[in-house]
2 protein chains.
Amino acid sequence: MKKFTMADIAEMSGVGKSTISRYFNGGYVKEATRERIQAVIRECGYMPNSFARLNARESNIIGVVVPTLNSKITGRVITSIDRYLREQGYETLIKSSDHQIALELDNIRRLISLNVGGILLSSISITDQHRELIANSPIPVVVMAQEFDAGISVVDDDYQAGFEMGKYVGKSHPEHVVWLGITDTDRAVGIVRRQGVLDGLKSCGVSDIRLFSGDYSYESGQKMAKEALESGPVTAMICATDRLAFGAYHTLAQFGKRIPDDVSVAGFGGYDESELLSPELTTLKFDSYALGQLSAETILRLIRNEPVPVKQVIGFQLIPGKSVK
Amino acid sequence: MKKFTMADIAEMSGVGKSTISRYFNGGYVKEATRERIQAVIRECGYMPNSFARLNARESNIIGVVVPTLNSKITGRVITSIDRYLREQGYETLIKSSDHQIALELDNIRRLISLNVGGILLSSISITDQHRELIANSPIPVVVMAQEFDAGISVVDDDYQAGFEMGKYVGKSHPEHVVWLGITDTDRAVGIVRRQGVLDGLKSCGVSDIRLFSGDYSYESGQKMAKEALESGPVTAMICATDRLAFGAYHTLAQFGKRIPDDVSVAGFGGYDESELLSPELTTLKFDSYALGQLSAETILRLIRNEPVPVKQVIGFQLIPGKSVK
DNA sequence: CTGAAAGCGCTTACAG
DNA sequence: CTGAAAGCGCTTACAG
């Protein structure tokens, strides 16, 4: 495959390269010329190099920063972003922060200096540095899955979801409930979702609630479950994610506890696998595809200076399994 | 955040921009000058724009083409690639083909015309067009997870893995075995893995083996399992992936079949969830992190003109669950 | 060891 | 409707 440049195509079509550029960017090109160019392009399979648009007034690249490439939910979100942007003629540039906040900040800086058209940010944790960076960013930013009072966000309804789940579990009147959660630095999951759960439980009169926190790994779920069981009696475990619930299942089996007879378990995520556990995991599914697509739509609207809501809230669905009494 | 360019940094450091460029690309810079530049860079958090290296002799961007962003295994592979490349000072540019072969070809063309340093390709299916594209590519390509006789590949040992699994299941002397597979266009899984399984089974004297094929989805697993059960007696199901096995579990439950008493089930993938199924799924785990890292190492070696094996085979581990009699 | 100049593949006023 | 020219942020011979 020979590498064609715009100059090559221009020469082959017998026009100037400005015309080829206009052809691709929707400028004036006479119909006859347009057809001639099209023929040449088809012939050589030419596509312009998006990254060479160094002085274009706007880039057609959207940067996406995610906390990890290794999560089911992230997979759903970026799949849906990528699909939508591709349809709209944009390129997706994905950067993983690999769970490191310093890398996340670097990624944002990098995207800004790359002069991408817009940034979709799924943050590990929003710090003051994020606020400063975003406030001074010459490029629009949409924050995903995390409340962001100083800008535009598209979020899951973590509080309400937590509340529903708390109420659902609370209705069985468990005496001793534990929350297997995430550190506070992740506001959406660590704080908001947890608060929803607590309030939901309290609305049913549950008062003995013990809190644990760790990271997002399967192992962390196992570990927290163990700590919880060793810290006193437990009749229900509400886990911040399905993955943590998987870990809890593992530990409960080791401790010889039956689900839900001895201990009820619930998670958040709605992974396909959850319905295969025995008993089926009671979980709650956010519409991650919608979150991805709406975020992508929103960033494009910002780029086009169209009005956008400062906050959009995505729906969820509680999936009753058989793991709660 | 102001956007600094190399010219800004040059001015602020009181040197020419060639010197800044050399600073970043390991050229000669006097120690004193180097320190002065470093101070300025630290001050402004400047990073050069990798995509503006239009006429660099080599790019520090590695393109990665994956069939989907929505798979556990892909997640593991790209996580490990991204980590390794970052450590080595390279950028990862991920492009998803979203299960469309035409898009995959486009992605490869695109990366070539972007003039990335190298391409890591996880292909849906290697066609003649791929061969032509790769043969004429001015840029090195490493094919991942798929045999590639016309170039460099890093692959799972699909045949041997299939064989081991076939033997493992075969040892229980199941009378009627079905293979829930993937279309032939995916050679690695659709053909090689299947052949390994068949040979493994035959080595144990199993002869009644019926073959089914579909796509990689959970639903496809359900559907194939249903077809299999309706097509005649079944005492063992070997599934091309864990996800398909999850679908089979679902269908078997619907049909009132017990695992493994009525039907043995096995998969490939080694997902964490597999050990939580009841009974635990017998599966086989490829070392996807190793595959990612070795592929990344290999592409860098190719770029540096260091010798590389034409084919590297990654190990696997059979994880006996309780789903095989 | 360093800088001025030309060039990478593209876009954008501007003149025609 | 179109092209020559200047410019985007960078790299690379080349001369000093």
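A polar contact here is a pair of N or O atoms within 3.5 Å; within protein, one must be able to donate a hydrogen and the other to accept it, and residues adjacent in sequence count only if both atoms are side-chain atoms. One such pair joins a backbone N or O atom of B:Met6 to a phosphate oxygen of DNA strand D, at 2.3 Å. This is a predicted model, in which local features need pLDDT of at least 70, side-chain atom pairs count only at pLDDT 80 or more, and totals for chains, interfaces and linings use all residues. Residues are numbered from 1 along each chain as its sequence is written, chains are lettered from A and ligands numbered from 1 in the order in which they are written, and side-chain values use heavy atoms, with hydrogens and water left out.

**DNA strand D**

- A residue is near a strand if one of its heavy atoms lies within 4 Å of it. By that rule 26 residues surround DNA strand D, and the nearest are A:Ser18, A:Thr33, B:Met6, B:Lys17 and B:Ser21.
- Of the atoms of DNA strand D that come within 4 Å of the protein, 59% belong to sugar and phosphate.
- A:Thr33 brings a polar side-chain atom to 2.3 Å from a phosphate oxygen of this strand.
- The bases are contacted too: an N or O atom in the side chain of A:Arg22 is 2.8 Å from a base nitrogen of DNA strand D.
- Helix H2 (17-25) of chain A and helix H2 (17-25) of chain B are the elements that give two or more residues to this surface. Helices (H or I, at least four residues) and strands (E, at least two) are DSSP runs, numbered from the N terminus.
- H2(B) gives the most, with 4 residues.
- Sorted by class, the surface near DNA strand D has 10 nonpolar, 11 polar and 5 charged residues. In this sorting Ala, Val, Leu, Ile, Met, Phe, Trp, Tyr, Cys and Pro count as nonpolar, Asp, Glu, Lys and Arg as charged, and the others, Gly among them, as polar.

**DNA strand C**

- DNA strand C is surrounded by 26 residues, with A:Met6, A:Lys17, A:Ser21, B:Ser18 and B:Thr33 the closest.
- Sugar and phosphate make up 59% of the atoms of DNA strand C that come within 4 Å of the protein.
- Phosphate oxygens of DNA strand C meet an N or O atom in the side chain of A:Ser21 at 2.5 Å and a polar backbone atom of B:Gly16 at 2.8 Å.
- On the base side, an N or O atom in the side chain of B:Arg22 is 2.8 Å from a base nitrogen of DNA strand C.
- H2 of chain A and H2 of chain B each supply at least two residues of this surface, and H2(A) has the largest share, 4 residues.
- The classes near DNA strand C come to 10 nonpolar, 11 polar and 5 charged residues.

**How the two protein chains are related**

- Two copies of a chain are related by a rotation about an axis and a shift along it.
- Here, chain B is superposed on chain A by a rotation of 180 degrees with 0.1 Å of shift along the axis, at an RMSD of 0.1 Å. That is the relation of a two-fold axis.
- The superposition is by least squares on the C-alpha atoms of residues with pLDDT of at least 70 in both copies.
- Both copies use the same surface, since 98% of the contact residues of chain B recur in chain A; contact means heavy atoms within 4.5 Å.
- B:Leu277 is the residue of chain B that comes closest to the rotation axis, with its C-alpha at 2.5 Å.

**Cysteines**

- There are 0 disulfides over all chains, a disulfide being a pair of cysteine sulfur atoms within 2.5 Å.
- For A:Cys204, the nearest cysteine sulfur is that of A:Cys239, 18 Å away.
- A:Cys204 counts as buried at 17% relative accessibility, and A:Cys239 is buried at 0%. Buried means under 20% relative accessible area, exposed over 50%, partly exposed in between (1.4 Å probe, protein chains only).

**Two buried positions in chain A**

- A:Gly117 sits in the loop between helix H5 (101-114) and strand E3 (118-122) and is buried at 13% relative accessibility.
- Beyond four places in sequence, A:Gly117 has contacts that include A:Ser59, A:Ile139 and A:Ile303.
- A:Ser264 belongs to strand E9 (residues 264-266) and is buried, with a relative accessible area of 3%.
- A polar atom of the A:Ser264 side chain lies 2.9 Å from the backbone nitrogen of A:Lys325.
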